[in-house]
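Biologist: I would like to learn how to read a helix in a model. Could you walk me through one?

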Amino acid sequence: MGFGKHLVNGIVSLVVSVGVTVALADDDDGPWGLGDMALAVAVSSFLSGFFTSYFAE
C-alpha cells in the first residue's frame with residue numbers, strides 16, 4: 001500500500017465523521033459552535049483513519 005491509500009482512508013473517515021456529526025448536532029449543545037466542533041471532529045477523524053491505515057500494514 002502506498003501513501004495514497006492511507007490518504008484516501010483518512011479522507012473517507014473525515015467525510016463520514018463530519019457528516020454524521022453535523023447531521024446529528026444540535027446548535028444549543030454547549031459553549032462551542034458547530035463550526036468549531038466540525039473542525040475538531042475533522043482533524044481527529046482524518047488522523048485516526050490515516051494512522052490506522054498506516055500502522056495496520
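Modeller: Happily; we will take helix length, then burial, then the surface. This is a predicted model, where local features need pLDDT of at least 70, side-chain atom pairs count only at pLDDT 80 or more, and totals for chains, interfaces and linings use all residues. Residues are numbered from 1 along each chain as its sequence is written, and side-chain values use heavy atoms, with hydrogens and water left out.

Biologist: What span should helix 2 have?

Modeller: Helices are DSSP runs of H or I with at least four residues, numbered from the N terminus. The expected span is 1.5 Å times one less than the number of residues. For the 22 residues of helix 2 that gives 32 Å, and the end C-alpha atoms are 31 Å apart, which agrees.

Biologist: Which residues of helix 2 are buried?

Modeller: Buried means under 20% relative accessible area, exposed over 50%, and partly exposed in between (1.4 Å probe, protein chains only). In helix 2 the buried residues are Ala 38, Val 41, Ala 42, Ser 45, Gly 49, Phe 50 and Ser 53. They cover an arc of only 145° around the axis (taken from the directions from the helix axis to the C-beta atoms), so they sit on the same side of helix 2.

Biologist: Why would residues fall on one side?

Modeller: An α-helix has 3.6 residues a turn, so residues three or four places apart point the same way. On the other side of helix 2, Asp 36, Leu 39 and Phe 55 are exposed.

Biologist: And where is Val 43 found?

Modeller: Val 43 is in helix 2 (residues 34-55), and its relative accessible area of 46% makes it partly exposed.

Methods. Helix = DSSP H or I, 4+ residues; strand = E, 2+ residues; numbered from the N terminus.
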